Structures are given as structure tokens and as C-alpha cells.
Amino acid sequence: MILALPVLPGVSASGMGLRLSQKFVFLLFLSGLVTLCFGALFFLPDSVRLKRIFLSKTEVQPSTVGSGSENDVKEHLKRPVKEQEHSRAMVSAKADRLKSVNRKPAVTQAVEATEERLVGGKAQEELTVSRSESASVRSVDTFTYNKFKSCLIKNPLGSDSGKAADPKTNERREKVKEMMKFSWDNYKRYAWGKNELRPLTKNGHIGNMFGKGASIIDSLDTLYIMGLMDEYNDAKEWVQTSLDLNSNGEASLFEVNIRYVGGLLSAYYLTGEELFKNKVLELGEKLLPAFNTPTGIPRGVINLGSGTSWSWGWASAGSSILAEFGTLHLEFVHLTELSNSPIYTEKVMNIRKLLNKIEKPHGLYPNFLSPVSGNWVQHHVSIGGLGDSFYEYLIKSYLMSDKKDEDAKKMYYGALEAIEANLVQKSPGGLTYMAEWRGGILDHKMGHLACFSGGMIGIGADDGAPEKRQHYLDLAAEITHTCHESYTPTKLGPEAFRFDGGAEATATRLSDRYYILRPEVIESYMYMWRLTHDPKYREWGWEAVEALEQHCKVESGFSGIRDVYTTMVSHDNMQQSFFLSETLKYLYLLFSDDDLLSLEDWVFNTEAHPLPIIRKNCLQDQGSPQDNTASE
Ligand code: DMJ
């Protein structure tokens, strides 16, 4: 800062040749002026840079990850990254060391910060520096929506709202939109504000999934991309007036995260409405107490009002579930993006660190882990239920980090190698499938849930080792084909199908024959269409649309069915919220142009809520990626 000094009449400003009394008066004036200027800084608004430079705090509190008290969490949240960054700038002895890490991706740096804390016994100064590494990655002062938009390669809604060029595909797309409107209208009419619609009894269902309105939050982005704006506005108004995050009640951390956090994040990124951002940050903060366990591995259930958390009664020995604590990463990294607070990323990096360190049987990740000891509780491995989205989030973390998160990449391809070596099987009839593994013994069963893996292996194919890329794409196509084979004779698929005792992708138990409007098979069609443009995927998707219309549509909505092997269907009276969020969205995308929610810009969370790829370089440079047509 340069201060313009006043020149006293008849006196040279240098002070040369002044009498003592004149010098004294001059110095008195000068010190008064400096005091005045400094004092004035306190009256400037917080945002003024000058104030931040001169009045930054110097005290930095190291914090623990995973075992902090609720108060620690609150304290931490009060300190934005920016503030920590400035305080760290005062620790000049470490400044040079920090310079080199400033260019690393956020994710990598947060891992390092977390590692420091896990090792334990480090000097406070070193912990402080770790924290500074995690915080100093924040190159943008606060999240700016317009800056984010300018870093997208494509317009999120495509050049013509994703309208397909050929009339037949377009007609099919319109049909899916009509199905969405029908599902939504009936939900609104009979179950408004409840979690889900019961279409036969025409009432609402709450379940154990936090308060209410799951179908509303899950539908926001689907309604928006389909251009159902009246419906979207009704949903938005409900969020504004009725989404109460302070209610007590049991909620699954996983479900709240994938549906509510994911749904609100997507709604914000697509629309720029601050309402969604404020709500999701409020909600994110309420989830943090679930991580207060000896290892930082969260428990499965949380009471959002009181902050208490506990494990599912059915999970052996109070364990946490791989697919639950391993399916937080994408959303939590975005919470850090929007809140400017590193705590969310640190929580999920802590989970990753533990999973990285722990010994894995044959390189596999079992489904149950103790949040107290950090050890596996049983050796059951599955790419379907209990395991599924953990693997999905590894590759998607890598893609969402703009391919900077090398740890996620390494873990994903390592896990895939172990899966291929131990679980991937070929049936006598030539179908490729993923078996389940129980302490070394294979169960030749594949769940409907495991059918997402066709899409997952497909989107990860291109970043695998060069000699394996084609192999991964082939594997993805084979699994998608197997899952399509399981869709018969109603053209809908069972909850689980087997490959033993002569079975070839068929459910052998009565209890496995149901279909609850699940998306996974259609999800894989959508990805495989985008990756290969093989028209069979659109045909298979259309088969599913016709089957849904024929067997699942009832007078007041869509319902699951109890047995996919009979055309005399019996309905289960549930319109799941993931039908609106995932099944119909993936179908709509399947019949749209690839530039609607382009995979160049977006990854879908496990509930099909699109989250943008974080382009740190672009956000830092305030520049735009090449070929930026996002503002068109
Ligand atoms: C969805 O809630 C998510 O896809 C989750 O990962 C698994 N189950 C349902 C859909 O079947």
C-alpha cells in the first residue's frame, strides 16, 4: 500500500534542514495519520481485500478427523477455508513447502491432510501445516455459480434440450416424459409431501428414509431436464416452504446422502437457485455427527434432529456397510466445493485412507466393517447389494476430479482386477456374470442391483491400462447383455437370478422374482449407448418402456410387481422414488442426444443425480476449457 504524504508549506518533505520542533510536529502528524488509516480498516466490510490482508487471524486450531466431538465439527464449520488459508500464510517458516502443493488437485491434498491426522502423534505445528495443505487448495475464494458454468464444456441441457434428431427416437423420448408426468401427477395428488406414492391404495408412504418428500427431491432434476417446468416449480416451492431439516427421526445416512444431498446438489448446479445450495449445506452439516466413531467410519443410521447415530440392527456386530459408507464421496466433495469448508472432503478421505490401509482378502473388499475397530466383520463380497456403489464411487471420484484423483483410480482398477480374478464367471450357456463371494466360496447368483456394473465398467474402460481398454468395454457389454437376458418373459427382470442347477440368468426362488421399478439394467443401457451407439441399447430400453406400461402402470401411478415370470401380474403398491429419479431419467437420456448432461461435464451419483466434474484449473484461472459452448 502506498500512502501519499502531505507536503507542509515551505518544508521539504525529506526533513533535511528542519528544526527539532518542526520535526516533532511532522512526526506527530504522520503517526496520527497512520493510526487513523489503520483504525479505519475495522470499519470496512469483511469482503474488502485490504482488511483481510491486515486483520487476518493468526491462530490455527488443528482438528481431528473421525473422532471429533459435535462441537469440534461446529467450530470447524465456522472457519471457512479462506480464513484458514490466511492464518496459514502467517506460518512463514512453512510457506515454501506449501508452494509446491498449491497446484495439486484438491482431492490429493485433502488425502495428505487426512493421512497426517491418522498417523497420530504428530507435532501440533505439523498438523497445522497439514490442515493448511488441505485448505490452501481452495483457489477460488468462494463458489461462484457463473464461474462454474463457464467451466462446463457443453450447455447442461444440450443444444436443443437434447432433442434427438430422428423422429422415432424423439417420439420415444416424449413417451418417457409422459410417464414422468403421470408418475409425478399421481404422487402430487395422493402423496404430496410423503416419501413415496402407494398407487393402489392412493396414499403416501414414509419408510425409514428421513422425514418426507423423497420423491420431490429425487424428481427435481428429472423434471427440470424434461422441461416440466410447472411441476419443477411446485417441487421447488415445496423445498422452500416445507423441507424441514430439523425434525427428529431415524434416517439412513446413505439414503439421505444419495437422494437428498445428491438431489439438492444437482438441482443447484442445474438451476443456480441459491435455495438449493442453502438447503444442502444445512443438511450436510447435520450429517457430520454420524462420523464421530473411533475410526471415523460413519454408522448407518442417524437422527438428524439430535445428531445421535447407530448401526443397523441387522448388520452383524454393529458393523457399517461398504456400499453405505463408501457412497458418500461424490456428494461430500461437492459440499466442500460449495461450503468452502474442507471438513466434508476430509471425512470421506479418512474413509478411503482406512480402506486403503486395511488388508483385503484376495484384494477384495468385504461388505461389513466395524466402525470401532476398523476391521472387516465378515468375508462376504458382492458387486450387488451391500457392496455395489462403493466401486461405482471409486471410478466416478476419479472422473469427477477431472482425472486428478489418482488414488481413486488406483483403488478402482485394483478392485476391478480382484473382481475379475475372483467373481467374474462364464455360465455354461456363455453368459458373463458377477458371482458373490462368501469367504472363498462362490455363490452363483447375480442381483439386479449388480447390473449397474455394465455401465460402470463401460465408463471406466477408457482410463484403464491401454492393453485392457477394449477388454473392459467388451466385459461391460457382456454384463449388460446378461442383464438383458434376465429380463424375460414380461421383459422386466427379477431381483436376483442364478447360474447354477441349470439356471441361466433366471430366478429360481419365488422370493427373488419381484421387480420394484429398479433402474440398474436401464442405467447400463444408457451408458453403453453413449459409449458405443449400438442401436440395440435403445431397442432394449424401448422394450423396458413397453413392459413398464403394460405391467407396472396402474390407474394412479406405476407400481412394482411381485413376479416377473407371470403376465398375470400382482402389484406391490409402491412407486419408488428412484423410479422418478433414475429409471425414467436414464430412459429419457437414452432417447436424447449425448449433449444432454454430457458425460464430458457430469457424473451421475448412484441415485442418477448429475454432479459436475470439478475443473480446478479452469476455476482457478477463471478461464474456460477449449470448445466451450456452455453459454450458448
Ligand atoms: C437406488 O436408490 C440407488 O441406485 C442405490 O445405489 C441402489 N438402489 C436403488 C435403486 O435400485
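**Exercise 1. The ligand site**

Task: In this predicted model, determine how Glu607 approaches the ligand, and then describe the surroundings of the ligand.

Solution:
1. Begin with Glu607: one of its polar side-chain atoms lies 2.6 Å from an oxygen atom of the ligand.
2. Turn to Thr606, where the backbone provides the atom: an N or O atom of the main chain lies 2.7 Å from a ligand oxygen.
3. Add Glu582, which has an N or O atom of its side chain 2.9 Å from an oxygen atom of the ligand.
4. Compare these distances with the cut-off for a polar contact, a pair of N or O atoms within 3.5 Å. The separations to be judged are 2.6 Å for Glu607, 2.7 Å for Thr606 and 2.9 Å for Glu582.
5. Consider the cover of the ligand: alone it exposes 290 Å², and the protein buries 92% of that area.
6. Complete the list of surrounding residues, which also includes Ile258, Arg259, Leu449, Arg518, Pro519, Glu520 and Phe578.

**Exercise 2. The sheet with β3, β4 and β5**

Task: Establish the strand order of the open sheet that contains β3, and locate the helix that lies across β3 and β4.

Solution:
1. The sheet has 3 strands in the order β3-β4-β5, and their pairing is antiparallel.
2. Its edges are formed by β3 (250–252) and β5 (309–310), each of which pairs on one side only.
3. Between β3 and β4 (residues 301–303) there are 3 bridges. Within this antiparallel pair, Ala251 has Ile302 of β4 as its bridge partner.
4. The helix is α12 (residues 253–271); this helix lies across β3 and β4 and runs at about 65 degrees to β3.

**Exercise 3. The sheet with β6, β7 and β8**

Task: Explain why one side of β6 and one side of β8 are left without a neighbour in the sheet.

Solution:
1. Set out the order first: 3 strands form an open, antiparallel sheet, β6-β7-β8.
2. β6 (320–321) and β8 (376–378) stand at the edges with a single partner strand each, so one side of each has no neighbour in the sheet.
3. Examine the pairing of β8: 2 bridges join it to β7 (residues 368–369) in antiparallel fashion. Here Leu369 stands opposite Trp376 of β8.

**Exercise 4. Two helical residues**

Task: Decide whether Thr482 is buried or exposed, and do likewise for Cys618.

Solution:
1. Thr482 belongs to helix α20 (residues 469–485).
2. The relative accessible area of Thr482 is 0%. Because the cut-off for burial is under 20%, Thr482 counts as buried.
3. Leaving aside residues up to four places away in sequence, Thr482 touches Leu431, Thr432, Tyr433, Phe497, Phe499 and Ala505.
4. Cys618 lies in helix α24 (residues 616–621). With a relative accessible area of 10%, Cys618 is buried.
5. Cys618 and Ser150 are 468 residues apart along the chain, while their C-alpha atoms are separated by 8.6 Å.

**Exercise 5. The whole chain**

Task: What share of the 632 residues counts as buried, and how many helices and strands does the protein chain have?

Solution:
1. The buried share is 57% of the 632 residues.
2. The secondary structure comprises 24 helices and 19 strands.
3. Of the contacts between residues at least 6 apart in sequence, 70% join residues at least 24 apart.
4. The accessible surface of the chain is about 25400 Å², and carbon and sulfur atoms account for 52% of it.

Terms used
Residues are numbered from 1 along each chain as its sequence is written. This is a predicted model: local features need pLDDT of at least 70, side-chain atom pairs count only at pLDDT 80 or more; totals for chains, interfaces and linings use all residues. Side-chain values use heavy atoms; hydrogens and water are left out. Two strands pair if DSSP finds at least two bridges between them. Helices (H or I, at least four residues) and strands (E, at least two) are DSSP runs, numbered from the N terminus. Contact means heavy atoms within 4.5 Å. Axes are lines fitted to C-alpha atoms, for helices over the stretch in contact, and angles run from 0 to 180 degrees between N-to-C directions. Buried means under 20% relative accessible area, exposed over 50%, partly exposed in between (1.4 Å probe, protein chains only). A residue is near a molecule or strand if one of its heavy atoms lies within 4 Å of it. A polar contact is a pair of N or O atoms within 3.5 Å; within protein, one must be able to donate a hydrogen and the other to accept it, and residues adjacent in sequence count only if both atoms are side-chain atoms. Accessible areas come from the Shrake-Rupley method with a 1.4 Å probe; for residues, only the protein chains shown count as cover.
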